[in-house]
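Open the model in a viewer and keep the sequence panel visible. The stops below go from the whole chain to single residues and back to ring pairs.

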Amino acid sequence: MDSERRRLLDAESGDETPTGLISEQDAYLSKVKNVKLYLATFASVLGPMSFGFVLGYSSPAIPELTRISDPRLRLDDVQASWFGSIVTLGAAAGGLVGGWMVGRIGRKLSLMLCALPFVFGFTMIIAAQNILMLYIGRVLTGMASGVTSLVVPLYISEMAHEKVRGTLGSCVQLMVVLGILLVYFLGLFMDWRWLAICCSVPPSLMMVFMCFMPETPRFLLSQGKRREAEEALRFLRGPDAPVEWECARIEDASDSQGTSFHISDLKDPGVYKPLIIGIMLMVFQQMTGVNAIMFYAENIFEQAHFEESDLASVIVGLIQVVFTAVAALIMDKAGRKILLVISGVAMTISTVALGVYFHLMSKLGSAVTDTVSVAAEQPDLSWLALASMAVFISGFAIGWGPIPWLIMSEIFPAKVRGFASAMVVLSNWGMAFVVTKTFQDMLTSLTSAGTFWLFSSTCVVNILFTVIFIPETKGKTLEQIEAIFRGTSGP
């Protein structure tokens, strides 16, 4: 098979490219054009933007819904907590559904269909006449978010080649945080119903644009559709690339591991090792407390005594977008592992500092009884809360935000990609629900300071886990990454 792939490449190269002097991959990638690959990526990442809108929607909507004049829609503290966190239950269910869909109907059609619960969910919120309708809308948009969070990383990783896979894969998280920023910004000017209307625009555009994009070549080859796979690759790689060579390479890897998944495959270290790593990455990502911080961003700033708490949330969203963009730009140069370590260190320092801030504020409040004196003292520490939040968000955005999703899309063998990704997404959103639902309880029982110190201790564990267990996937094909876990040499 190696000689066959070399023959295919040399047949396209002629005398101009001495493939004997450079690697097969480099010879092939020198002929690739990425324009349509970027176009397909843009169409697909409208899905992550949509679930960024879902995640961020609760922050501007909850304060309005707790003060609304209509008693049928007015939320108390418990109902507001459910409004923010119930979306994660829907997302966990959506992850399971998405794992089944990608294997049965493919990546492209799964992505197109998940636009429907996005739109129906926001329509339910727009037309809400009672709190139950609000909950149903949040569950539906959560389900769509769960499917999207599984399908889009797979779609991009199976389309992209190894030179740009890290950058394009990081665009998933970039569009999530961009969606969060946009919904925070629009929340400054719109009420909660008009905001829901705007949130239904990106998934509608995604469905339209994806009509013109191809299915992934790896899925088509797994279905025995060689000609369609070559056409998809020709669309993604440009007319000059010898796509028959890439098809042969993918088929070679698929033949060596089989095409169907059985439960007994979980005994294979090439399956259970990446599965454990993927699940633990998502558990640790949520245990940093990031979703709790983002869901309740305005409340945190109000407790930190910032009068313009909604504007502060926009600033946080902007920081997140900027540093996620930085991560996307350097992902294929710096590598995944070093960025995870840097990210973990930044989050550890910032959560310790936030804990110190809230501890000092509580001591200050109990030690000084004169309210005028308290008001005079408190602004002196406000910089600490703002700086700590900025460091946390930037640290998360540069590593633990985008990279777990990227690694999830890279490490699983093709035959278990749907099942394993579903388990990983379920772990992520399940932990997101636990953390966001218990956040207010933690604030009450552990105090604000204790809660953030708990998050800081989990960030230390994140760093150790990264150093010991995470392999570097930079610059490797999906087949080569699979070979690392199997303990063999990849194609």
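Start with the whole chain, coloured by burial: of its 491 residues, 59% are buried. The model is a predicted one. Switch to a cartoon, and the secondary structure amounts to 23 helices and zero strands. If you draw the contacts between residues with a separation of 6 or more, 82% of them join residues 24 or more positions apart.

**The largest nonpolar core**

Select Tyr57, Phe83, Leu134, Trp192 and Trp429. These are the residues that touch the most other members of the largest nonpolar core, which has 110 residues. Next, select residues 35–67, which form helix α3; this helix gives the most to the core, with 14 residues. Now colour domain 1 (32–213) and domain 2 (263–365 + 379–490) separately. The core lies between these two domains, because both give residues to it.

A second selection shows another core, which lies apart from the largest one and has 14 residues, including Ala353, Met361, Ala385 and Phe439.

**Tyr57 and its ring partner**

Centre on Tyr57. Its relative accessible area is 0%, so it is buried. Which residues does Tyr57 touch, not counting those up to four places away in sequence? Show Phe83, Ile125, Arg138, Val183, Trp192, Leu195, Ala196 and Cys199 as sticks; these are its contacts.

Keep Phe83 on screen, which is likewise buried, with a relative accessible area of 0%. Searching the whole structure gives twelve aromatic pairs. In the pair of Tyr57 and Phe83, the ring centres are 6.3 Å apart and the planes meet at 50°, so this pair counts as tilted. Tyr57 belongs to helix α3 and Phe83 to helix α4 (residues 77–104), so the pair ties together parts 26 residues apart in sequence.

**A stacked pair and a ring cluster**

Move to Phe358 and Phe452. This aromatic pair is stacked, with 5.7 Å from centre to centre and 10° between the planes. Phe358 sits in helix α18 (residues 336–367) and Phe452 in helix α22 (residues 417–469); the pair links distant parts of the chain, 94 residues apart. Both Phe358 and Phe452 are buried. Add Tyr357, Phe439 and Phe455 to the selection: together with Phe358 and Phe452 they form a cluster linked by ring pairs.

**Helix α8**

Select residues 165–187, helix α8, and display its axis. Where is the kink in α8 centred? Look at Val172, where the helix bends by about 30°. With 23 residues at 1.5 Å a residue, α8 should span 33 Å, and the 34 Å between its end C-alpha atoms agrees with that. Turn on the surrounding residues as well: 19 of the 23 residues of α8 are buried, so the helix is largely enclosed by the rest of the structure.

**Met408**

The last stop is helix α21 (residues 403–411), where Met408 is found. Is Met408 buried or exposed? Its relative accessibility is 1%, under the 20% cut-off, so Met408 counts as buried. Leaving aside neighbours within four places in sequence, Met408 is in contact with Ser149, Leu150, Pro153, Met282, Ser421, Val424 and Val425. To finish, draw a C-alpha to C-alpha distance from Met408 to Pro153: it reads 7.8 Å, although the two residues are 255 residues apart in sequence.

Methods. Residues numbered from 1 in each chain as written. Predicted model: local features only at pLDDT ≥ 70, side-chain atom pairs only at ≥ 80, totals over all residues. Heavy atoms only, no water. Core = buried A, V, L, I, M, F, W, Y, C linked by side-chain atoms within 4.5 Å. Buried < 20%, exposed > 50% of the residue type's maximum accessible area, 1.4 Å probe, protein only. Helix = DSSP H or I, 4+ residues; strand = E, 2+ residues; numbered from the N terminus. Domains from an automatic or database assignment. Contact = heavy atoms within 4.5 Å. Expected span 1.5 Å × (residues − 1). Bend = angle between axes of the 7 residues up to and from the residue. Phe/Tyr/Trp six-rings, centres within 6.5 Å; stacked < 30°, edge-to-face > 60°.
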